[in-house]
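Colleague: Here's one I'd like to go through with you. Could you give me a close look at its interior, and then work outward from there?

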Amino acid sequence: MKQSFYGKIRSRGYDIGTEQDEIFNYYLGKWKGLGKPNPVLEPMCGTGLNLIPLLEAGADADGLDSSPHILEVFREKCDAKGFKAQLFEQYMEEMQLPRKYGFIMIPGGSFGHIYDNGMAVQALKKIAATLHDKSSGRKASLADESTKIDALVKSTIEGCKLDPATDAA
């Protein structure tokens, strides 16, 4: 069972009535407060409501989403503003990206689109594997310096009562 994604019609209307200033300002503040670590990744990026303002602020940013239609809207927005963001059409729990990231954010309720516990655990593991590791000497954050991804993954696995060797592989 895969997570849901937005079709062509919903993708075109995705931004209608969406007020993102408070959410975006939170993530922009976190990114700036951490010294603007790059590159930035937004899994489940949608049409770029939150990532395009980070591009405007000077971030080297990539987006990932499972919907080709929603990524098409994102590309059109980038083209209109003259931005070049790498956009990947992948499910987060299966993501394989060509680089590591210094800042990863999943604003709003996007993570709630993953409705299967095993897929959620796998997605968290993929996020952890996509962050710069400590040995690189580069700063990395999951949008909140108090977040500990290992503890988050562990608590998620324990909370779901999954066997990580069999249920989240």
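**Inside the fold**

Modeller: Sure. The largest nonpolar core has 21 residues, and W31, V40, L51, L54 and F74 have the most contacts inside it. Three elements each give two or more residues to this core: helix 2 (21-33), helix 3 (51-56) and helix 4 (68-81). Keep in mind that this is a predicted model. L54 is a handy residue to centre the view on: setting aside neighbours within four places in sequence, L54 is in contact with F24, L28, W31, V40, A59 and M105. There is also a second, separate core of 16 residues, with L64, L97, M119 and A123 among its members. As a general point, nonpolar side chains tend to be buried together in soluble globular proteins.

Zooming out for a moment, the protein chain has 6 helices and 4 strands, and the elements run α-α-β-α-β-α-β-β-α-α from the N terminus on. Of its 169 residues, 47% are buried. If you take contacts between residues at least 6 apart in sequence, 72% of them join residues at least 24 apart.

Now the sheet. The 4 strands form an open sheet, ordered 3-2-1-4, and the pairing is parallel. Strand 3 (86-89) and strand 4 (103-104) are at the edges with a single partner strand each, so one side of each has no neighbour in the sheet. Strand 1 (residues 40-43) pairs with strand 2 over 4 bridges and with strand 4 over 2 bridges. On the strand 2 side, P43 stands opposite L64, and L64 is one of the residues of the second core. On the strand 4 side, V40 has F103 as its bridge partner, and V40 is also among the residues with the most contacts inside the largest core. In a regular strand, side chains alternate between the two faces of the sheet. You can follow that in strand 1: V40 and E42 point one way, L41 and P43 point the other, and all are buried. Helix 4, which we met in the largest core, lies across strand 2 (61-65) and strand 3, at about 170° to strand 3.

Helix 5 (residues 117-130) is worth a slow look too. Its 14 residues should span 20 Å at 1.5 Å a residue, and the end C-alpha atoms are 20 Å apart, which agrees. Because 10 of the 14 residues are buried, helix 5 is largely enclosed by the rest of the structure. The buried ones include M119 and A123, and both of those belong to the second core. Polar residues are in the buried set as well, among them Q122, K126 and T130. At the start of helix 5, a side-chain oxygen of D116 comes within 3.1 Å of the backbone nitrogen of G118.

Further along helix 5 you reach T130. T130 has a relative accessible area of 8%, so it counts as buried. Its side chain reaches the backbone oxygen of K126 at 2.6 Å. Leaving out residues up to four places away in sequence, T130 touches L41, M95, L97, R99, K100, Y101 and I104. L97 in that list is another residue of the second core, and L41 is one of the two strand 1 residues, with P43, that point away from V40 and E42.

Working outward, Q96 sits in the loop between strand 3 and strand 4. With 64% relative accessibility, Q96 counts as exposed. Q96 and K126 are 30 residues apart along the chain, with 8.1 Å between their C-alpha atoms. Beyond residues up to four places away in sequence, Q96 touches Q90 and K126.

Last stop is D60, in the loop between helix 3 and strand 2. D60 is partly exposed, at 36% relative accessibility. Not counting residues up to four places away in sequence, D60 touches N38, P39, V40 and R99. With R99 there is a side-chain to side-chain polar contact of 2.9 Å. R99 is touched by T130 as well. D60 is also 8.8 Å from L41, C-alpha to C-alpha, with their positions 19 residues apart in sequence.

Terms used
Residues numbered from 1 in each chain as written. Predicted model: local features only at pLDDT ≥ 70, side-chain atom pairs only at ≥ 80, totals over all residues. Heavy atoms only, no water. Core = buried A, V, L, I, M, F, W, Y, C linked by side-chain atoms within 4.5 Å. Buried < 20%, exposed > 50% of the residue type's maximum accessible area, 1.4 Å probe, protein only. Contact = heavy atoms within 4.5 Å. Expected span 1.5 Å × (residues − 1). Polar contact = N/O pair within 3.5 Å; in protein donor to acceptor, adjacent residues only side chain to side chain. Pairing = 2+ DSSP bridges. Axes fitted to C-alpha atoms, helices over the stretch in contact; angles between N-to-C directions.
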